[in-house]
Structure formats: C-alpha cells, structure tokens
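Biologist: I have the file open on my screen. Walk me through it, starting wherever you like.

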Amino acid sequence: MARVKGLAHLVLRVRDLGRSVDFYTRVLGLKVTAQLGSRMAFLSVSEDKSHELALLSLGDGAPGPDPRRVGLYHFAWQVESVEALQEFYRHLEAQQV
C-alpha cells in the first residue's frame with residue numbers, strides 16, 4: 001500500500017486576501033510564490049516547494065468560523081528549538097497577534 005510522506009500544502013478560505021497575505025508575509029515571514037489576481041495566493045517558507053499555504057478569497061461577506069462545526073482547528077509551523085519558539089511567541093505578541 002502506498003503511504004503518505006508528508007503534508008504538501010494547506011488551503012485556507014479567507015475574507016480579505018490582501019490582509020491575509022500581509023499577515024503571513026509580514027508577521028510570519030512566508031514568501032508569496034504565486035498569485036491569481038485577487039482570488040488566490042500561494043505562500044511558502046521553503047525554497048524547494050511551490051507553496052505550503054494557499055489562501056482562497058471568499059470576499060468580505062463570507063460568514064465567520066463556527067467553533068461548533070466540524071472543520072480546521074489549527075495548524076502548526078515547525079521551528080528549530082524551544083528557544084526559537086519562545087522568541088517567535090514574543091514576536092507574535094509584539095505584532096498583537
């Protein structure tokens with residue numbers, strides 16, 4: 001049987017593509033690798049991947065998440081060490097995340 005080797009990418013539905021791209025690039029340090037107008041953006045941490053994260057714009061009128069429904073709870077980015085995680089946590093606090 002074939003086995004999964006890893007997660008290739010994740011797609012998130014967002015209201016405001018520009019605002020989301022700003023967050024993931026400015027705050028988290030991802031790079032935009034491609035963009036389809038105002039509809040979709042592809043971002044990556046790795047130089048060897050086309051993207052790990054894709055953002056799909058649904059527009060301002062999209063309903064918010066409902067914590068009582070089945071769906072994504074969270075996803076995590078890998079860091080080098082506990083110290084790096086603590087440093088990144090302080091960075092997120094400084095960005096008011």
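**Charges, helices and a core**

Modeller: Let's start with Arg69, which is exposed at 64% relative accessibility. Keep in mind that this is a predicted model.

Biologist: Ok, what does the side chain of Arg69 meet in a salt bridge?

Modeller: Asp66, with 3.6 Å from N to O. Asp66 also forms a salt bridge with Arg68, where the closest N and O atoms are 3.1 Å apart. That links Asp66, Arg68 and Arg69 in a network of salt bridges.

Biologist: And are Arg68 and Asp66 buried or exposed?

Modeller: Arg68 is exposed, with a relative accessible area of 74%. Asp66 is partly exposed at 22%, a value that isn't under the 20% needed to call a residue buried.

Biologist: How many salt bridges does the structure hold?

Modeller: There are 3. Besides the ones with Asp66, the side chains of Asp22 and Arg26 meet in a salt bridge, 3.2 Å from N to O.

Biologist: Why would Asp22 and Arg26 be separated by about one helical turn?

Modeller: Because they sit 4 residues apart in helix H1, which covers residues 17–27. In general, an α-helix has 3.6 residues a turn, so residues three or four places apart point the same way. Asp22 is partly exposed at 34% relative accessible area, and Arg26 is partly exposed too, at 49%.

Biologist: Staying with H1, which of its residues are buried?

Modeller: Leu17, Ser20, Val21, Tyr24 and Val27. Those buried residues pack against E1, strand E2 (31–36), E3, E4 and H2.

Biologist: What happens at the ends of H1?

Modeller: At the N-terminal end, Asp16 acts as a cap, with a side-chain oxygen 3.1 Å from the backbone nitrogen of Gly18. Just after H1, Gly29 takes a positive phi of about 85°.

Biologist: Now the other helix, H2. What length does H2 reach, and what would be expected?

Modeller: H2 runs over residues 82–94, so to speak, 13 residues in all. From its first C-alpha to its last it reaches 18 Å, close to the 18 Å expected at 1.5 Å a residue. Just after H2, Gln96 has a positive phi of about 60°.

Biologist: Let's go inside. Which residues touch the most other members of the largest nonpolar core?

Modeller: Leu12, Leu17, Tyr24, Leu28, Leu43, Leu53 and Leu55, out of 13 residues in that core. The elements giving two or more residues to this core are strand E1 (10–14), H1, strand E3 (40–44) and strand E4 (53–57).

Biologist: Which element gives the most to this core?

Modeller: H1, with 4 residues.

Biologist: You listed Leu28. What does Leu28 touch farther along the sequence?

Modeller: Not counting residues up to four places away in sequence, Leu28 touches Phe23, Trp77, Phe88 and Leu92.

Biologist: Lots of rings there. How many aromatic pairs does a search of the whole structure find?

Modeller: It finds 2. Phe23 and Tyr24 form an edge-to-face pair, 5.0 Å centre to centre with 85° between the planes. Phe75 and Trp77 form an edge-to-face pair as well, with 5.8 Å between centres and 70° between planes.

Biologist: Why do those count as edge-to-face rather than stacked?

Modeller: Because planes over 60 degrees apart count as edge-to-face, whereas stacked needs under 30.

Biologist: And where do those rings stand, buried or partly exposed?

Modeller: In the Phe23 and Tyr24 pair, Tyr24 is buried at 12% relative accessibility, while Phe23 is partly exposed at 25%. In the other pair, Phe75 is partly exposed at 28%, and Trp77 is partly exposed at 34%.

Biologist: Last topic, histidines. Where does His51 lie?

Modeller: His51 lies in the loop between E3 and E4, and at 14% relative accessibility His51 is buried.

Biologist: Which side chain makes a polar contact with the side chain of His51?

Modeller: That of His9, at 3.5 Å. Leaving aside neighbours within four places in sequence, His51 is in contact with Ala8, His9, Thr33, Phe42, Leu43 and Ser44. Leu43 is also one of the core residues that touch the most other members.

Conventions
Residues are numbered from 1 along each chain as its sequence is written. This is a predicted model: local features need pLDDT of at least 70, side-chain atom pairs count only at pLDDT 80 or more; totals for chains, interfaces and linings use all residues. Side-chain values use heavy atoms; hydrogens and water are left out. Rings of Phe, Tyr and Trp (its six-membered ring) pair if their centres lie within 6.5 Å; planes under 30 degrees apart count as stacked, over 60 as edge-to-face and the rest as tilted. Buried means under 20% relative accessible area, exposed over 50%, partly exposed in between (1.4 Å probe, protein chains only). A salt bridge is a side-chain nitrogen of Lys or Arg within 4 Å of a carboxyl oxygen of Asp or Glu. A nonpolar core is a set of buried Ala, Val, Leu, Ile, Met, Phe, Trp, Tyr and Cys residues joined through side-chain atoms within 4.5 Å. Contact means heavy atoms within 4.5 Å. The expected span of a helix is 1.5 Å times one less than its number of residues. A polar contact is a pair of N or O atoms within 3.5 Å; within protein, one must be able to donate a hydrogen and the other to accept it, and residues adjacent in sequence count only if both atoms are side-chain atoms.
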